[in-house]
Amino acid sequence: MNHAIGKLSGVTEEHQGPVRLLPWAGPDGKPCYLVGEGGYVSRVADEIEGVQLGMADDILGHAEDMLGGRQVTSRELRFLARGLADALRDVRRVAESRGARLAAAGA
């Protein structure tokens, strides 16, 4: 899924300023955006991104330990794959959000 920040549904022409992809989805699974900069929601998003990146590091370390030689069951591998997929999705969203903000700042 590729998020086109320049084509946000629900954001009208009257909203000027930066648009940030937030590190969570709405109830319908669609991406959430913050229009404007700074403030409480931005600080919460920064904290959640930090937690998500830390959790990705943790699951990666766990994967390296698990796959480092001991026998693992198919159930353990499925659980690990689910965790890695979730972490990758979160890290991708963080990277996309930060990349878009860097591009906007350089424009």
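Here are three short exercises on this predicted model, each with a worked solution.

Residues are numbered from 1 along each chain as its sequence is written. In this predicted model local features need pLDDT of at least 70, side-chain atom pairs count only at pLDDT 80 or more, totals for chains, interfaces and linings use all residues, and side-chain values use heavy atoms, with hydrogens and water left out.

**Exercise 1.** Find how far helix 1 reaches from its first C-alpha to its last.

*Solution.* Start with its limits: helix 1 covers residues 40-66, which is 27 residues. Helices are DSSP runs of H or I with at least four residues, and strands are runs of E with at least two, numbered from the N terminus. Next, take the expected span, 1.5 Å times one less than the number of residues. Helix 1 reaches 39 Å, close to the 39 Å expected.

**Exercise 2.** List the buried residues of helix 1 and say what covers them.

*Solution.* Buried means under 20% relative accessible area (1.4 Å probe, protein chains only). By that rule, pick out S42, A45, E49, Q52, A56, I59, A63 and M66. An α-helix has 3.6 residues a turn, so residues three or four places apart point the same way. The cover includes strand 1, strand 2 (31-35) and helix 2.

**Exercise 3.** Which residues does I59 contact, leaving aside its neighbours within four places in sequence?

*Solution.* Contact means heavy atoms within 4.5 Å. Set those neighbours aside, and you are left with L80, G83, L84 and A87.

Technical notes
Buried means under 20% relative accessible area, exposed over 50%, partly exposed in between (1.4 Å probe, protein chains only).
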